[in-house]
Amino acid sequence: FAGCLAGGSGEHCRWAKGAPQDLITQEVEELRGLLRLSAERIELLEELQRSVAEGGGGALPLPPAQVRALGAELPLVSAMASEPSTLPGAAAEDYLTKKAVVRLPKPASLVKFLPLRAALAAQKRPEVALPQALLVVASASGKVRLLAPSGEQLVAFSAWHERPVSLLAVSPSWQKGDTLIATCDSGGTIRVHQVFVTGKSGPIVAPRKEATVTLENDTRFLGASVASAVLVSVAFRRSLQVEGVGVGAITALAMASQRGSKYFVVGDSEGKVNVFGLDGAFKSRLDGTSTPGAGIEGFYVHQNQLLFRAGPEWGYIDLENLVVKHVECPDFEGMHVITTVIDSERSWRVLVADEEGTIWVLAVQSARTCRVDYKFPRGLTRAPLDLVSLRGFVLALERSGGRGGSPGARGGEERRTASLLALNMSHVGKQEADLMHYPSPVVWKTRHRGVRSWAVFRHRQDSRPEGDLVALLSEDGLEVEIFELLMHRRVEVVGESLLLDPYIMVPCIVAAVLIGVGWHYLKYGRAMVKPSGDAAAPRTS
């Protein structure tokens, strides 16, 4: 280049001096320059990669934080959604806060949140916020642990099962009743335990630091002094046995309440529904499905309603009359149902996911027929999928298998991943023109390692704190992550017309009536009134 400035000539000097060239030659020179720049970048990235592999040493010394950040595994850019209708509208960190990470000494397989009785709320202690729910962690060996929302272990006991525990159920939010935990093993034996939670009296002692608990962004609600303020005890109540089933035939377990009566409901692989009373008395054995080879795959309890699903069939179970009601939906007929939940705000609305993971919103009438109200975009969620309904939102957990690790690390072994996302239910019933500014129903989305089981606890709207709880059990069963979910529905109240405001319309109506009466009196009233005093004498001939 210096020789060109000194008066040199040649093809490269013509290009350096900006001499006119044809379009093809200019394009070739630009590509050659891009190749040289790319080769330099590749050399720098390879040197940086060697430094990260050496733990921050080498030619480029790096601090440990940068080494961890550069070595973290991220999702592939090609696998990320590019459609505006599937992109999240906010970051998950704005709503989801990790509060505790509990490392278990032995693998667990199931987690559930156990709502506490309303009597506990009356035991007010200003020093600590008493939990409204406990996290139940059960393992296949029958070991059950009760954890506070802060991650503290309050009590651990054995359910004394002879076979591996495969199902776990807890009593719903009963205003009056027992706080129960039911575990079922592969042989059909169900053991029921009752949990007693009372507040301790006296001063609160500072808790000991647990090596298995990690607290982040601790709040008063998730304080670390629950164990010192709450006394938890467990007592065995009864044992139930499902007769006429083989090993591993029990597929679903739930506790439900209808019209004041409480029941244990058990589903098996033959499509039968076994109903037991709260005292353990056997009630009936119902036919849940007529499809050959289809078994009961799951129950969902919401207030006094009990949903079941069995392959392409789903519906309600009337426990008082011992009747199974199948729902017929012409627009959704023939599809395999993988999950069903009831809308937490509208009990007549059911959210259903098909075998592809597409979520349908169905309006059920008289527990017999339904129509499709809305269908979320296809490909927005993928199967296998679990759903939980919140106030104005729905949480979805996707479980999928993926190949993790870098090409040079662990040989690219197969690893499972999970995605947790929140969908906005305000899209239901809206037209595309109404959603022009908000095309995506996805509020936020976050990725996690493989999840074996999960649980969600919904607080009541009038309770404090207002945040919900989410617990994720890792695929190896050795770690439980507890999150606080802060999602509030914001309702935009559209200003009503002044004609509907009684404080304005009532005075206006009264004034209009008075004005009309006064005008009528001034115009016609004086002529109609007879004059008083001496009246005019009648004429005589």
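How many disulfides does the structure hold? Just 1, where a disulfide is a pair of cysteine sulfur atoms within 2.5 Å. Before you go looking for it, some housekeeping. This is a predicted model, in which local features need pLDDT of at least 70 and side-chain atom pairs count only at pLDDT 80 or more, while totals for chains, interfaces and linings use all residues. Residues are numbered from 1 along each chain as its sequence is written, and side-chain values use heavy atoms, with hydrogens and water left out.

**The whole chain**

Start with a cartoon view. You should find 6 helices and 29 strands; helices (H or I, at least four residues) and strands (E, at least two) are DSSP runs, numbered from the N terminus. Switch on a surface and you're looking at about 30900 Å² of accessible area, 54% of it belonging to carbon and sulfur atoms. Accessible areas come from the Shrake-Rupley method with a 1.4 Å probe, and for residues only the protein chains shown count as cover. Of the 541 residues, 42% are buried. Buried means under 20% relative accessible area, exposed over 50%, and partly exposed in between (1.4 Å probe, protein chains only). Among contacts (heavy atoms within 4.5 Å) between residues at least 6 apart in sequence, 57% join residues at least 24 apart.

**The disulfide**

Now select Cys 329 and Cys 370, whose sulfurs sit 2.3 Å apart. Cys 329 is in the loop between β18 (323-326) and β19 (339-342), and Cys 370 is in strand β22 (residues 369-375), so the pair, 41 residues apart, links distant parts of the chain. Both ends count as buried, Cys 329 with a relative accessible area of 7% and Cys 370 with 9%. While you have cysteines on screen, click on Cys 184, buried at 0%, and then Cys 508, partly exposed at 43%.

**Into the core**

Next, show Trp 314 and Leu 387. These two touch the most other members of the largest nonpolar core, which has 34 residues. A nonpolar core here is a set of buried Ala, Val, Leu, Ile, Met, Phe, Trp, Tyr and Cys residues joined through side-chain atoms within 4.5 Å. Color the strands that each supply at least two residues, among them β17 (313-318), β20 (349-353) and β25 (414-424). Strand β21 gives the largest share, 5 residues. A second, separate core of 22 residues includes Val 136, Leu 168, Val 195 and Val 232.

Stay on Trp 314 and bring up its neighbors: beyond four places away in sequence, its contacts include Phe 308, Phe 332, Val 350, Leu 362 and one half of the disulfide, Cys 370.

**Two stops close by in the numbering**

Another Trp 314 contact is Lys 325, in strand β18. Draw a C-alpha to C-alpha distance between the two and you get 8.5 Å, across 11 residues of sequence. Lys 325 is partly exposed, at 23% relative accessibility. Its own contacts include Tyr 316, Asp 318 and Arg 368.

Then pick Thr 340 in strand β19, buried at 5%. Thr 340 touches Tyr 300, Leu 307, Arg 309, Leu 351 and Val 352, leaving aside residues up to four places away in sequence.

**Last stop: the surface**

Finally, select Leu 31, Leu 34 and Leu 37, a nonpolar surface patch with about 270 Å² of accessible area together. Leu 34 lies in helix α3 (residues 23-53) and is partly exposed at 49%.

Key
Patch = residues over 30% accessible without salt bridge, like charges linked within 9 Å, V, L, I, M, F, W, Y side chains within 5 Å. Salt bridge = Lys/Arg side-chain N within 4 Å of Asp/Glu carboxyl O.
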